[in-house]
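Work through the exercises below with the sequence and the 3D structure open. Each task is followed by a solution in steps.

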Amino acid sequence: MESHSTDLTPPTNQTLSESRKHGYNVIPSPISFLPGFICCLLPCLKSLPSMVAFKSREADGANLYRRFGPSDRPQWVLYDADECIVSDYCKLSPGQTAPADMTVVRLGVEDSESNTECVCDCSHVTGSPTPVSVSLGSTIYAGSLLLRGSVICEVTAIGANTLMGKLVKQGNFPREKDDEGDTEVLLADRGGDKGL
């Protein structure tokens, strides 16, 4: 498995400390934008469909390529999802949720994989009614669930700057599933997948 990582460059300590100035990889919840006096309704608000969808798409952790341990040698280490920074490399396996918006740089990274077909469920974010095939250069959005295959991705956006973060802020999360499967139209409705 080490051979898959030799050409990746982990972030330097300086990059990590500079990135912390911009905050952590935390996507505000759909109810975080409500006025404070609404807090008395918190138990009811947690059962709203947007909160249930949000909680189901939060990443538990992030398998990041970082310098770690006494040898300071780069290796894959499981961190809390809020530790992701832009330019990190993140490895996803089937059943894992993307902790940030990422671009796929490598497919089929598990030793046991002979097939590099990767499939992702990004319906909560894009509205796509069916899982989508993932290839090199594809974007995997925060909150997307990898269903098949494994990938290494480079993190391109974190926290409120992710597509999911922007949809939450606009009150458009989760996306309604598009019956016609036209994800491009859905993204164009919101200003494309860059900059919303």
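Two strands pair if DSSP finds at least two bridges between them; helices (H or I, at least four residues) and strands (E, at least two) are DSSP runs, numbered from the N terminus. This is a predicted model, in which local features need pLDDT of at least 70 and side-chain atom pairs count only at pLDDT 80 or more, while totals for chains, interfaces and linings use all residues. Residues are numbered from 1 along each chain as its sequence is written, and side-chain values use heavy atoms, with hydrogens and water left out.

**Exercise 1.** Describe how E1 and E2 pair.

Solution. Step one: the sense is antiparallel, over seven bridges. Step two: Arg73 in E2 is the residue opposite Phe68. Step three: the two strands form a hairpin with four residues between them, and Gly69 in the turn has a positive phi of about 85°.

**Exercise 2.** Find which strand gives the largest share of the largest nonpolar core.

Solution. Step one: a nonpolar core is a set of buried Ala, Val, Leu, Ile, Met, Phe, Trp, Tyr and Cys residues joined through side-chain atoms within 4.5 Å. Buried means under 20% relative accessible area, exposed over 50%, partly exposed in between (1.4 Å probe, protein chains only). Step two: the largest core has 20 residues, and Ile140 and Val151 are among those with the most contacts inside it. Step three: strands E1 (62-68), E2 (73-79) and E9 (151-157) are among those that each supply at least two of its residues. Step four: E9 gives the largest share, three residues.

**Exercise 3.** Locate Ser128 and decide whether it is buried or exposed.

Solution. Step one: Ser128 sits in the loop between helix H4 (123-126) and strand E6 (132-134). Step two: its relative accessible area is 4%, so Ser128 is buried.
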